[in-house]
Amino acid sequence: MRKRRTRNLRLSALAAVLILLGGLLASCGNGGKNVGYRPTVVATNFAVYDIVRSVAGDTADVEMLLPPETESHDYEITLADAAKIARADLFVCVGGESEDWVDDTLGAMPEKDRPTVLRAVEIASTVTESDDGILESETAAHGIHAPGEEEESEEADEHVWTSFGNIRLIARAAADALNRIDEWGASERADNMIRYSSQLNDLEREYADLFASTDKRLIAVADRFPFRYLAEEWGLEVVAAFSGCTSNVEASLATISALVDTVEKNSLPCVMKIELSDGRCAEAVARETGCEVLELQSGHNVTRAEFDAGVTLIGLMRRNLEVLRTALQ
């Protein structure tokens with residue numbers, strides 16, 4: 001299960017401190033937006049950070065809140081991070097359950113000092129979280145409710161940036177938000193948006209060419225699967241160990257056995273893991289089957305070396321294209 005309950009005390013303490021700091025944050029306001037002003041943007045994970053910086057270019061200072069090489073589902077906000085958000089002109093978050101600290105953090109700030117907020121799940125075209133193809137389903141594990149206890153309502157899958165269409169929607173919303181904050185950079189952002197859209201279009205055509213060239217659609221993922229939008233967009237059939245946001249990544253013997261059977265019965269050339277994973281489940285499947293282990297990039301985060309080298313979300317998606325080319329051969 002996710003860590004909502006364990007975060008409550010920490011969030012309450014953070015909220016109290018931010019309220020006390022309200023006057024200080026107010027005194028550090030953003031000031032006038034004059035010619036040459038560069039808005040400050042804080043984005044939570046790598047995917048939304050990179051989308052925003054791609055359209056902002058040199059017209060804004062964009063910072064990623066999640067430190068490189070950090071597992072996004074383990075992140076807990078600090079006072080220093082909350083202060084960064086309070087000083088920002090624009091705050092871009094995913095907005096899903098894994099970022100349940102967002103509302104408490106923003107609510108603790110004086111209303112007049114809150115940044116403009118964009119939530120990717122509210123901008124994107126969403127699909128409902130699903131355990132289809134998931135071997136260790138949280139729905140199955142926690143679906144029995146005590147008498148009188150309400151079942152949790154369906155939620156949107158928050159990994160919206162794994163869809164080409166949603167990337168365009170988030171990029172457009174970010175450009176529009178920055179234009180409202182700083183009209184002087186609008187022309188440059190329009191040029192950046194055209195360039196970014198062209199890059200997305202080119203890569204999307206390559207994906208379309210791949211899927212037009214093969215009837216195969218089945219992949220095995222011995223890890224979390226935060227690619228529901230990718231699967232929906234291209235008709236992938238998936239057998240995966242865990243759902244995209246689960247806190248449980250210790251595979252049972254039954255799960256490993258099911259993945260082994262999937263690889264062997266369908267003669268799959270590879271099993272997949274995701275970035276920053278220890279890969280133990282995938283390695284276990286590979287030992288039993290002799291298949292290759294390949295890595296899919298979800299865009300949650302990247303390594304420090306990748307971040308410093310300027311890796312982009314489009315670059316990660318191109319890597320995924322080559323992984324899928326191998327998987328579907």
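What share of the contacts in the chain with a separation of 6 or more comes from residues 24 or more positions apart? Hello everyone, let's start with that one. The figure is 71%, where contact means heavy atoms within 4.5 Å.

A quick word on what we have here. This is a predicted model, in which local features need pLDDT of at least 70 and side-chain atom pairs count only at pLDDT 80 or more, while totals for chains, interfaces and linings use all residues. Residues are numbered from 1 along each chain as its sequence is written, and side-chain values use heavy atoms, with hydrogens and water left out.

Now the overview. The chain has 14 helices and 9 strands; these are DSSP runs numbered from the N terminus, H or I with at least four residues for helices, and E with at least two for strands. Of its 329 residues, 50% are buried. I'll use three words for accessibility: buried is under 20% relative accessible area, exposed is over 50%, and partly exposed is in between, with a 1.4 Å probe and protein chains only.

Let's go to helix α11, residues 253–265. It has 13 residues and reaches 18 Å from its first C-alpha to its last, close to the 18 Å expected at 1.5 Å a residue. That expected span is 1.5 Å times one less than the number of residues. Which residues of α11 are buried? They are Thr255, Ile256, Leu259, Val260, Thr262 and Val263. Looking down the axis of α11, these buried residues fall within an arc of 160°, so they line one face of the helix. The arc is taken from the directions from the helix axis to the C-beta atoms. As for partners, the buried residues of α11 pack against β5 (134–136), β6 (218–225), β7 (237–243) and α12 (280–289). On the face turned away from the buried side you'll find the exposed residues Leu253, Ala254 and Lys265.

Just after α11 comes Ser267, in the loop between α11 and β8. Ser267 is not a glycine, yet its phi is positive, about 50°. For background, most residues other than glycine have a negative phi. Ser267 counts as exposed because its relative accessible area is 62%. Glu69 also has a positive phi, near 70°, and is not a glycine. You'll find Glu69 in the loop between β2 (61–64) and α4 (79–87), and at 48% relative accessibility it counts as partly exposed.

Carry on along the chain from Ser267 and you get to strand β8, residues 270–274, which holds Met272. Is Met272 buried or exposed? With a relative accessibility of 1%, Met272 is buried. Setting aside neighbours within four places in sequence, Met272 is in contact with a long list of residues, including Ile219, Val221, Asp223, Ala282, Leu294, Val323 and Ala327. Its C-alpha is 9.4 Å from that of Glu283, and the two residues are 11 apart along the chain.

Next, a pair of helices. Two packed helices are described by the angle between their axes and the distance between the axes. Helix α3 (residues 46–56) and helix α9 (residues 186–212) pack at about 120°, with their axes 7 Å apart. Here the axes are lines fitted to C-alpha atoms, for helices over the stretch in contact, and the angles run from 0 to 180 degrees between N-to-C directions. That makes α3 and α9 oblique to each other, since under 35 degrees counts as roughly parallel, over 145 as roughly antiparallel, 65 to 115 as roughly perpendicular, and the rest as oblique. On the α3 side the contact is made by Ile51, Ser54, Val55 and Ala56, and on the α9 side by Arg189, Asn192, Met193 and Tyr196.

While we're on α3, have a look at Asp50, which lies in this helix. Asp50 is buried, at 1% relative accessible area. Which residues does Asp50 contact, leaving aside its neighbours within four places in sequence? Those are Val311, Thr312, Leu313 and Ile314. The C-alpha atoms of Asp50 and Leu313 are 6.2 Å apart, although 263 residues separate them along the chain.

Over in helix α4 sits Ala82, which is buried at 0% relative accessibility. Its C-alpha lies 6.7 Å from that of Thr105, 23 residues away along the chain.

Last, the cysteines. How many disulfides does a search of the whole structure find? The count is 0, with a disulfide taken as a pair of cysteine sulfur atoms within 2.5 Å. Cys245 is buried at 4% relative accessibility, and Cys281 is buried at 9%. Thanks for listening!
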